[in-house]
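Here's a quick walk through two helix pairs, a pocket and a loop residue. Have the model open and follow along.

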Amino acid sequence: MKFIVSSNTLLKQLTSISGVLNTSSNLPILSYFLFDVKDKKLTISGSDLESTMITEIDLDKADDDMKICVPAKLLLDMLKTFPDQPLTFSIDSKSFGIEIASDNGKYRLAGVNGDEFPRLPEMDSSSSLKIDSGVLFNAINKTVFATGNDELRPVMSGVYFALEKDGLTFVATDAHKLVKYERSDAKSSKASTFIMPKKPLNLLKGLLASMDSDVSIEYNETNASFVFDNYTLVSRLIDGKYPNYEAVIPKENPNLMMIDREAFLNSIRRVSIFSNKTTHQLRLAIKGSELQVSAEDLDFSNEASERLTCNYKGDDITIGFNSRFIIEMLNNLESDEVKLELSAPNRAGLLSPSDKDDAEQITMLVMPVMLSQ
């Protein structure tokens, strides 16, 4: 069986799905790509058992249909060395040996029977919706950084999707920070919730960054699939009940600070260099129209302090935060100005863009740290 494919096209498609592969798996088959040739179309799959990524390439020439597993690293390493040229794949249907012919030579590698590759789960009793790729990209991009890594609380290692008839809500938290991202311009015909793991979401984010199309989402109790352009991602969902995030978002926040995002971010970046390397503790002291940002590391006698102008309404307040969390949040906001809502030094602060967007609402919550006197 033979087929011909462009080396650059093949490399691009393989690279785009290779992030799903698990190089440390005990199952050797997971270090292979599945090549499935049917009706002059090459469908390529990669899997880590939890998630499977699939892409398609139209072939100019294929003389038969066949499935074979191809060693992923060997093929990728080889393709990276080629200038763009047609490659002819010849596959022995009995031994599963693969011969690749280029303009300059021939290369042999050992394949594996395609039937050994993990099968996709059946999407029984599923629901579906369509969402703009840009909306889904923003939802993932604004939330996935706030997911946790605690193996004892797996539900917090993913993003919570709440699909409603009047809008969509995406939530991520690691118990220290929380992000709630809402869209009123995207709706679901049926109210549902599920938790998507972090790894497939990061893979999705990478692909959606350059897409401009609709994404078809299909999901049931155990799995979700995302189909767009010539890609499909199928992932097992995280089983469990997501924490009541609304209960931790403070509703009464009488102290309100508006400040230039870029100036605030750069100040925290500079000052946090002098903070304790274990706690990353940052002190914000707000008084009138002045914000003082300070940090110190008593172990090494390092300290730094900066003053910024802000627009503030409320009582004078001094509050401590982990500087890394604030930096992450400010990096994931795009508005010129941000709003910081506070109630007390021992209660969570809320960070959000100052400009209103009728379709999009972002709330970022960060827990305070106890300030050392």
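## Helices α1 and α2

Let's start with α1 (residues 7–17) and α2 (residues 72–79), whose axes come within 10 Å and cross at roughly 135°. With that angle, α1 counts as oblique to α2, because the roughly antiparallel label is kept for angles over 145 degrees. The crossing of this pair is left-handed. Keep in mind that this is a predicted model.

Who does the touching? On the α1 side, the contact is made by Ser-7, Leu-10, Leu-11, Leu-14 and Thr-15, and on the α2 side by Leu-75, Leu-76 and Leu-79. Sorted by class, the residues of this contact are six nonpolar and two polar, with no charged ones.

## Helices α5 and α6

Next up are α5 (residues 261–272) and α6 (residues 323–331). Their axes also come within 10 Å, and they cross at roughly 150°. That angle is over 145 degrees, so α5 and α6 are roughly antiparallel to each other. The crossing of α5 and α6 is left-handed.

From α5, the residues in the contact are Arg-261, Phe-264, Leu-265, Ile-268, Arg-269 and Ser-272. They meet Ser-323, Ile-326, Ile-327, Leu-330 and Asn-331 of α6. By class, the contact of α5 with α6 breaks down into six nonpolar, three polar and two charged residues.

## The largest pocket

Now for some empty space. The largest pocket has a volume of about 520 Å³. It is lined by 25 residues, and Ser-352, Pro-353, Glu-360, Gln-361 and Ile-362 are the closest to its centre.

Which elements give two or more residues to the lining of this pocket? They are the strands β14 (177–183), β25 (337–342), β26 (349–353) and β27 (360–366). The largest share, four residues, comes from β27. As for chemistry, the lining of the largest pocket has twelve charged residues, along with seven nonpolar and six polar.

## Ala-359, in the loop

Finally, take a look at Ala-359, which sits in the loop between β26 and β27. Both of those strands are among the elements that give two or more residues to the pocket lining.

What does Ala-359 contact once its neighbours within four places in sequence are left aside? The list is Glu-182, Arg-183, Ser-184 and Asp-185. For another reference point, try Phe-226: Ala-359 and Phe-226 are 133 residues apart in sequence and 23 Å apart in space, C-alpha to C-alpha.

Conventions
Residues are numbered from 1 along each chain as its sequence is written. This is a predicted model: local features need pLDDT of at least 70, side-chain atom pairs count only at pLDDT 80 or more; totals for chains, interfaces and linings use all residues. Side-chain values use heavy atoms; hydrogens and water are left out. Axes are lines fitted to C-alpha atoms, for helices over the stretch in contact, and angles run from 0 to 180 degrees between N-to-C directions. Angles under 35 degrees count as roughly parallel, over 145 as roughly antiparallel, 65 to 115 as roughly perpendicular and the rest as oblique. A crossing is left-handed if the near helix is turned anticlockwise from the far one by less than a right angle, and right-handed if clockwise. Contact means heavy atoms within 4.5 Å. Ala, Val, Leu, Ile, Met, Phe, Trp, Tyr, Cys and Pro count as nonpolar, Asp, Glu, Lys and Arg as charged, and the others, Gly among them, as polar. On a 1 Å grid over the protein atoms alone, a cavity is a set of points where a 1.4 Å probe fits but cannot get out, and a pocket is an open set with protein on both sides within 12 Å along at least five of seven lines; lining residues have an atom within 4 Å of a point. Grid points are joined across faces, edges and corners, and a volume is the space filled by probe spheres set on the points.
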